[in-house]
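Visitor: I am new to this structure. Please take me through one part of it closely, and then show me how the rest compares with that part as a setting.

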Amino acid sequence: MPSTRTTRPLRRITTLVAAGVTFTLLPLPFGATVHANAPATAVTGLALGARGDAVKQLQQALLNQGVPVDGGVDGVFGPGTESALKQFQAKRGFSQTGTVDTATAIALGLVSNSVFGLTQGASGNKVVELQNTLIAAGHRPAGGADGIFGPATVTALKAFQKAKGLAQSGDVNAPTAAALAAVSGGAAAEPAAEPASQPSSSRGSVQGLKIGSRGDAVKQLQQGLMNLGFTVVGGADGIYGVLTANAVKSFQNANGLSTSGSVDKATAQAFTAATSGGNGGTDDGDDGDDHDPSASSPFVGLQYGSIGADVKGLQQALIDAGVTVYGGADGVYGTHTVTAVKEFQGKHGLSKTGKVDQDTANALASRNPSGGTDTASIVGLKSGALGNTVKQLQQAMIDAGVTVRGGADGIFGPATTEALKSFQTSQGLPATGVVDQATAEALKDPKAPSSPSTGSTDGYAVYGERGSRVVDLQNALLAAGISFVGGADGAFGSATAGAIMSFQRANGLSVTGKLDDATAKALGLTAAPKPTTPDPATVKLDAFPVQGPCGFGDSYGYPRSGGRTHEGIDIIASEGNELYAVADGKVTKVYSDYPGSLAGNGIRLTRSDGSGTYYFYAHMSELADGIELGVPVKAGQLVGYIGNTGNSGTPHLHFEAHPNGGAAVNPYQALKAIDGCSITASRG
């Protein structure tokens with residue numbers, strides 16, 4: 001019996017072709033009928049004489065681009081269509097062939113290409129995909145596939161463009177996107193430490209998992225990594241892709257293992273030990289190529305494919321030994337480092353393997369008789385670094401009497417940054433959170449910290465401060481008739497500084513934009529204690545903010561472009577998933593997306609308990625109906641939807657917590673305590 005269901009016009013039809021490119025067919029002209037079972041048609045290769053729906057799609061796309069087509073959308077590739085196509089190709093600087101090649105199809109929007117249009121400054125999954133493709137093509141960005149389109153990726157992309165005979169623009173234009181699409185996908189960019197065995201299907205065993213694996217074992221691995229504090233973009237979805245491989249590499253580096261991105265025997269043992277509390281030891285053999293965390297030198301076991309602070313220390317040691325390392329101490333053990341290690345080994349009568357064994361490490365140590373962690377190996381360490389060199393830094397601070405939350409775990413995260421700043425302050429050094437030469441020297445011979453001052457810490461709000469002192473200042477300015485963007489939001493930024501200058505001019509004071517004694521007196525303000533950063537443990541949430549399925553890890557404090565650090569947690573979910581209020585409160589600020597925006601669409605939700613505590617939601621697709629400035633909300637109420645607006649590379653919620661209206665603190669533990677990523681039903 002024929003179906004009586006009404007056929008609706010399809011908005012978009014996609015199909016996969018052999019080259020792995022997705023073709024996206026644009027909406028057809030009004031009045032065209034599309035049957036649900038009609039096959040999608042490829043458009044690449046269309047030329048003079050072709051006929052059919054694919055030609056109609058081409059003609060419509062040309063018209064959408066403002067190129068007139070003689071004869072209109074008639075499905076016949078005649079001289080008029082050929083002329084229009086050549087006109088479009090000339091306009092884009094392509095070869096005027098009159099034939100639809102892949103680059104032309106991408107530029108016309110007939111082929112969906114995930115990396116097309118990426119430029120410097122972009123970040124996220126699409127950039128990771130671009131970087132992995134460049135690696136597969138033999139043009140590895142320094143830093144690897146880190147998801148940040150910075151100068152290193154520009155350099156690698158230009159090298160790829162040069163190799164393909166393309167204009168070296170440094171961005172992904174259509175011809176570059178087409179050339180990247182032709183690169184063999186899925187090939188390992190770097191050799192694995194050992195042949196990967198077939199993934200086990202039994203839950204509890206993760207050994208042998210690699211890119212392409214799927215199932216419960218992958219979910220177990222992903223969830224375990226997130227529980228250990230490693231970010232797995234996409235969450236525990238059971239699919240082992242490049243993003244899971246990146247998380248595995250981070251785990252391997254933190255545990256002194258070869259960074260293959262696949263779960264070999266040593267990695268599986270370390271993972272089991274870390275997630276179950278076992279010792280993870282092996283009593284049935286030894287993987288000689290693994291980076292041994294117990295070795296006397298952090299360099300032992302480093303080899304091609306290793307990354308991180310230990311590699312950087314090795315490279316610096318080679319340079320100090322008079323061996324040229326092309327690319328410098330960049331922390332990436334690539335072919336140039338292999339060549340340099342072989343050169344060093346040859347000079348010292350060692351077997352030229354290109355890998356750092358104990359004899360090679362001993363020879364390097366002989367050039368640094370002090371042994372241990374020399375200053376060159378730790379100088380430059382900062383948030384985001386991983387490996388045994390970080391462990392040695394952490395142990396040195398512990399030995400100096402500084403508490404490092406989490407201990408010497410080899411992960412330079414917020415806790416290590418906090419400890420380092422504390423150490424630097426105790427030594428009378430600038431509290432930068434980065435290991436400079438002076439800090440490294442101080443760690444070798446730390447001095448006892450001076451007694452804390454008993455003087456008053458009272459004073460006035462300063463630029464960049466957040467909290468009650470700033471609110472008092474802003475309210476005083478408003479009471480004096482000085483208005484400014486943002487109002488009394490507790491954040492001392494350029495708007496507040498401008499308001500102070502306006503007040504100072506109006507009252508005949510020195511115009512500085514700073515709250516000095518004279519300005520404070522004129523505003524009726526008194527000195528108040530400097531705000532302290534609250535303990536993250538004080539963050540309490542009454543509802544989880546995202547509808548599942550979703551995933552998140554502890555990415556707080558990670559470095560970001562422009563010298564920024566990540567002040568929140570990214571919860572990855574599908575675009576359109578619901579977002580909820582985490583507490584009773586009021587929407588006190590609304591953010592709108594615009595070109596160059598970091599936050600995109602978002603809101604600030606301030607608790608109703610009078611504490612001033614607020615939460616920041618960013619990258620939303622849109623706000624829920626009725627959500628606007630000043631609207632009260634209840635915990636768990638629908639406030640908006642997951643999006644990809646602002647400086648974002650994948651749909652997600654960027655979530656921040658600001659206790660008492662002050663600086664952001666890490667909300668990871670608070671989110672983990674009420675993790676609702678498994679709740680997929682709508683709660684709105």
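Guide: Start with the contacts of the whole chain. Of those with a separation of 6 or more, 52% join residues 24 or more positions apart. This is a predicted model. The chain has 684 residues, and 44% of them are buried. It holds 20 helices and 15 strands.

Now the close look: the largest nonpolar core. This core has 39 residues. Leu46, Leu58, Leu62, Leu108, Leu130, Phe149 and Val172 have the most contacts inside it. Six helices each supply at least two residues of this core. They are α1 (53-64), α2 (79-91), α3 (102-108), α4 (125-136), α5 (151-163) and α6 (174-181). A second core is separate from this one. That second core has 36 residues, including Val539, Phe544, Leu605 and Leu671.

Stay with the helices of the largest core. Two packed helices are described by the angle between their axes and the distance between the axes. Take α1 and α2 as a pair. Their angle is about 50°, and their axes lie 11 Å apart. An angle of that size makes α1 oblique to α2. The crossing of these two helices, α1 and α2, is left-handed. From α1 come Leu58, Gln59 and Leu62. They meet Thr81, Ala84, Leu85 and Phe88 of α2. Sorted by class, this contact of α1 with α2 has five nonpolar residues, two polar ones and no charged ones. Leu58 and Leu62 were named above too, among the residues with the most contacts inside the core.

Next, α5 and α6. These two helices pack at an angle of about 85°, with their axes 11 Å apart. That angle makes α5 roughly perpendicular to α6. On the α5 side, the contact is made by Leu157, Phe160 and Gln161. On the α6 side, it is made by Thr176, Ala179 and Leu180. Four residues of the contact of α5 with α6 are nonpolar, two are polar and none is charged.

How covered is α6? Mostly: six of its eight residues are buried. Those buried residues are Ala174, Thr176, Ala177, Ala178, Ala179 and Leu180. They pack against α3, α4 and α5. The partners α3, α4 and α5 also supply residues to the largest core, at least two each.

Just ahead of α4 sits Ser123. Its place is the loop between β3 (111-112) and α4. Ser123 has a relative accessible area of 25%, so it counts as partly exposed. Its C-alpha atom is 5.2 Å from that of Gly147. Yet Ser123 and Gly147 are 24 residues apart along the chain. Leaving out residues up to four places away in sequence, Ser123 touches Gly147, Ile148, Asn647, Ser648 and Gly649.

Now for the setting: a few single residues elsewhere in the chain. Gln345 lies in helix α11 (residues 335-347). Its relative accessibility is 0%, so Gln345 counts as buried. Neighbours within four places in sequence are left aside here. On that basis, Gln345 is in contact with Leu350, Ser351, Lys352, Thr353, Gly354, Lys355 and Thr360.

Then the backbone. The peptide bond from Gly548 to Pro549 is cis, with omega near 0°. Pro549 belongs to the loop between β5 (528-529) and β6 (550-552).

Two residues have a positive phi although neither is a glycine: His619 at about 70° and Asn660 at about 60°. His619 is in strand β11 (residues 614-620). With a relative accessible area of 6%, His619 is buried. Asn660 is in the loop between β15 (652-658) and α20 (668-673). At 45% relative accessibility, Asn660 is partly exposed.

Back to the core to finish. Its 39 residues draw on α1 through α6, each with at least two. Within that set, α1 is oblique to α2, whereas α5 is roughly perpendicular to α6. No charged residue takes part in the contact of α1 with α2, and none takes part in the contact of α5 with α6.

Conventions. Residues numbered from 1 in each chain as written. Predicted model: local features only at pLDDT ≥ 70, side-chain atom pairs only at ≥ 80, totals over all residues. Heavy atoms only, no water. Core = buried A, V, L, I, M, F, W, Y, C linked by side-chain atoms within 4.5 Å. Buried < 20%, exposed > 50% of the residue type's maximum accessible area, 1.4 Å probe, protein only. Helix = DSSP H or I, 4+ residues; strand = E, 2+ residues; numbered from the N terminus. Axes fitted to C-alpha atoms, helices over the stretch in contact; angles between N-to-C directions. Parallel < 35°, antiparallel > 145°, perpendicular 65-115°, else oblique. Left-handed = near helix turned anticlockwise from the far one by under 90°. Contact = heavy atoms within 4.5 Å. Nonpolar A, V, L, I, M, F, W, Y, C, P; charged D, E, K, R; others polar.
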